[in-house]
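Trainee: Could you help me learn to read a structure like this one?
Mentor: Sure, let's put it on the screen and go through it together.

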Amino acid sequence: MAFYIFYVIAITILVLHFTGWLKRNNLEWIVLVLAVATFPAVIYLR
């Protein structure tokens with residue numbers, strides 16, 4: 001279940017990134033956090 005929640009959050013962050021919302025609000029670092037969190041999430045949440 002947590003794996004699917006991670007996917008929903010990841011998709012939301014990517015949509016916000018591609019629409020430019022993160023850049024306008026100086027939250028572009030969240031994309032980097034998502035990239036780092038993907039590997040452990042795939043290993044430990046599955």
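Trainee: What percentage of the residues in the protein chain is buried?
Mentor: Before that, a word on the model: it's predicted, so local features need pLDDT of at least 70 and side-chain atom pairs count only at pLDDT 80 or more, while totals for chains, interfaces and linings use all residues. Residues are numbered from 1 along each chain as its sequence is written, and side-chain values use heavy atoms, leaving out hydrogens and water. Buried means under 20% relative accessible area, with a 1.4 Å probe and protein chains only. Here, 17% of the 46 residues are buried.

Trainee: How many helices and strands does the protein chain have?
Mentor: Helices are DSSP runs of H or I with at least four residues, and strands are E runs of at least two, numbered from the N terminus. This chain has three helices and zero strands.

Trainee: At what angle do helix 1 and helix 3 pack?
Mentor: You fit axes to C-alpha atoms over the stretch in contact, and angles between N-to-C directions run from 0 to 180 degrees. Helix 1 (residues 2–19) and helix 3 (residues 29–44) pack at about 155 degrees, their axes 11 Å apart. Over 145 degrees counts as roughly antiparallel, so helix 1 and helix 3 are roughly antiparallel.

Trainee: Which residues make the contact?
Mentor: Contact means heavy atoms within 4.5 Å. Helix 1 contributes residues including Phe 3, Phe 6 and Leu 14, and helix 3 residues including Ile 30, Leu 34 and Val 42.

Trainee: What span does the C-alpha trace have along its principal axes?
Mentor: About 35 × 15 × 10 Å for the protein chain.

Key: Parallel < 35°, antiparallel > 145°, perpendicular 65-115°, else oblique. Buried < 20%, exposed > 50% of the residue type's maximum accessible area, 1.4 Å probe, protein only.
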